[in-house]
Amino acid sequence: MGDPGSLVTEGRAGERSWCLRRVGMNTEWLLLEDGNEVTVGRGFGVTYQLVSKICPLMISRNHCILKQNAEGQWTIKDNKSLNGVWLNRERLEPLKVYSIHKGDHIQLGVPLENKENAEYEYEVTEEDWERIYPCLSPKSDQMMEKNKGLRTKRKFSLDELEGSGAEGPSNLKSKISKLSCEPGQQVKSHGKGKVASQPSEYLDPKLTSFEPSVKTTGAHVNPGPAKVIELLRKKKKASNPSASQSSLELFKVTMSRILMLKTQMQEKQVAVLNVKKQTKKGSSKKIVKMEQELQDLQSQLCAEQAQQQARVEQLEKTIQEEQQHLEGLEKEEGEEDLKQQLAQALQEYRSLMEELNRSKKNFEAIIQAKDKELEQTKEEKEKVQAQKEEVLSHMNDVLENELQCIICSEYFVEAVTLNCAHSFCSYCINEWMKRKVECPICRKDIKSKTRSLVLDNCISKMVDNLNSEVKERRIVLIRERKGKRLF
């Protein structure tokens with residue numbers, strides 16, 4: 001009972017789901033379904049297709065992948081995208097999995113020149129299903145089905161259209177798909193009661209598909225009517241202008257009736273939702289009755305739309321006949337028509353060149369941003385290298401000036417400190433004391449020697465950071481002195 005959209009909402013009512021909320025927008029949210037992998041990119045075969053209107057190459061064909069790990073935690077991975085994935089303002093490494101949490105900020109691509117924010121920025125959130133559902137972006141397979149339905153034209157006879165009111169919404173589903181709708185179009189109420197003040201996100205999302213759009217409906221009309229009407233006004237030689245005029249008037253009347261039925265359906269569904277919220281038990285009959293009324297309104301609306309489609313096709317046929325008549329008149333003015341076509345072709349060529357130039361500028365801006373990022377990385381590496389060289393140079397100076405034995409001019413080996421506080425190698429001071437029992441530096445008598453383990457450990461750790469030549473020379477020196485001590 002009720003339309004399929006309401007059944008989808010009721011089936012998951014009270015649930016909470018994870019999604020990527022588009023920053024600053026109440027549309028194009030990306031649903032993260034439990035147990036399903038979500039792919040995002042501009043190519044075909046992804047879960048959500050993002051086609052940038054500002055810079056088409058900003059989003060890669062398969063930009064990133066979101067899925068749950070073994071613990072059920074949602075993760076994100078940059079799938080080697082050109083312009084990267086940013087988590088909380090930090091760029092992710094390609095092909096590396098990162099965990100995401102509620103409140104995290106996700107950015108796809110980089111901001112263009114003179115722009116503070118990127119085009120696609122999202123916030124990880126967990127909301128009630130009733131709050132998320134109206135804001136969700138359609139998946140790629142849904143968009144392909146919708147476009148396929150729009151391109152496929154089915155012809156109905158007037159007898160079929162008149163009997164379509166009793167078929168119900170399920171049988172008319174393929175017919176209604178011909179009349180697509182603009183979600184943001186405002187509808188004025190022509191029925192009884194006030195316009196529904198309930199927020200649009202709590203309404204059945206399928207209702208938006210019933211809202212007629214002049215722009216989309218116009219896609220089924222031959223592109224020649226504007227030209228036909230202009231020529232009719234200029235030449236006033238049309239064969240039967242009253243037929244098309246009456247068809248247009250009938251078309252407008254039917255559109256107004258569809259708008260009225262649409263408004264009544266919205267009001268009825270708001271009433272159903274309010275009753276469901278206000279009543280807890282014992283009012284199922286009232287809800288069933290209201291849903292039946294809603295279904296009847298929907299069936300009536302479906303029939304009106306099907307009839308409207310038939311009138312649109314009849315109008316197309318009438319316009320085509322008038323256009324064929326005017327083609328004979330246009331032959332007399334072939335030269336003027338040719339000039340107009342050439343001017344139009346030239347205008348299209350200029351528009352195409354302008355679009356290509358804009359795309360070139362956007363691509364150059366991306367390249368410049370990449371170059372700037374590489375230069376910054378290179379400068380940081382050079383600074384780190386310079387700091388490292390400075391530390392090594394300072395270490396060498398300390399070793400050469402403070403930690404060298406004045407007797408052998410080598411780094412201390414088994415350093416000992418005399419009673420006068422001067423330090424020497426153990427081997428060197430022992431050899432010196434065979435000749436003189438006084439300090440080689442201050443000439444004071446040597447009364448005591450103390451082994452300095454601190455100096456030995458410090459020198460060993462500092463030598464480990466020096467080049468291999470210094471290490472090998474110190475090892476050879478220690479081995480020689482140990483050998484001399486044995487003999």
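**Exercises on a predicted model**

A nonpolar surface patch of about 470 Å² is formed by Leu-346, Tyr-349, Leu-352, Met-353 and Leu-356. Such patches join nonpolar side chains (Val, Leu, Ile, Met, Phe, Trp, Tyr) within 5 Å, taken from residues with over 30% relative accessible area and no salt bridge, a salt bridge being a side-chain nitrogen of Lys or Arg within 4 Å of a carboxyl oxygen of Asp or Glu. Areas follow the Shrake-Rupley method with a 1.4 Å probe, and for residues only the protein chains shown count as cover.

The model is predicted: local features need pLDDT of at least 70, side-chain atom pairs count only at pLDDT 80 or more, and totals for chains, interfaces and linings use all residues. Residues are numbered from 1 along each chain as its sequence is written, and side-chain values use heavy atoms, with hydrogens and water left out.

**Exercise 1.** Determine the helix that holds Leu-346 and its exposure class.

*Solution.* Step one: Leu-346 belongs to helix H10, residues 334–402 (helices are DSSP runs of H or I with at least four residues, strands are E runs of at least two, numbered from the N terminus). Step two: the relative accessible area of Leu-346 is 41%. Step three: buried means under 20%, exposed over 50%, and partly exposed in between; Leu-346 is therefore partly exposed.

**Exercise 2.** Characterise the surroundings of Ser-17 and decide whether Ser-17 is buried or exposed.

*Solution.* Step one: Ser-17 sits in strand S1, residues 16–22. Step two: its relative accessibility is 6%, so Ser-17 counts as buried. Step three: beyond residues up to four places away in sequence, Ser-17 has contacts (heavy atoms within 4.5 Å) that include Arg-12, Leu-31, Thr-125 and Trp-129. Step four: 8.3 Å separates the C-alpha atoms of Ser-17 and Asp-34, which are 17 residues apart along the chain.

**Exercise 3.** Describe the largest nonpolar core and the contacts of Val-40.

*Solution.* Step one: a nonpolar core is a set of buried Ala, Val, Leu, Ile, Met, Phe, Trp, Tyr and Cys residues joined through side-chain atoms within 4.5 Å. Step two: the largest has 34 residues, of which Leu-20, Val-40, Leu-66, Ile-100, Ile-106 and Leu-108 touch the most other members. Step three: leaving aside neighbours within four places in sequence, Val-40 contacts residues including Leu-30, Tyr-48, His-63, Leu-66 and Leu-108. Step four: apart from this core lies another of 23 residues, among them Met-395, Val-413, Cys-425 and Ile-459.

**Exercise 4.** Summarise the protein chain as a whole.

*Solution.* Step one: the chain has 13 helices and 14 strands. Step two: of its 487 residues, 35% are buried.

Terms used
Buried means under 20% relative accessible area, exposed over 50%, partly exposed in between (1.4 Å probe, protein chains only). Patches are made of residues with over 30% relative accessible area and no salt bridge: like charges are joined within 9 Å, nonpolar side chains (Val, Leu, Ile, Met, Phe, Trp, Tyr) within 5 Å.
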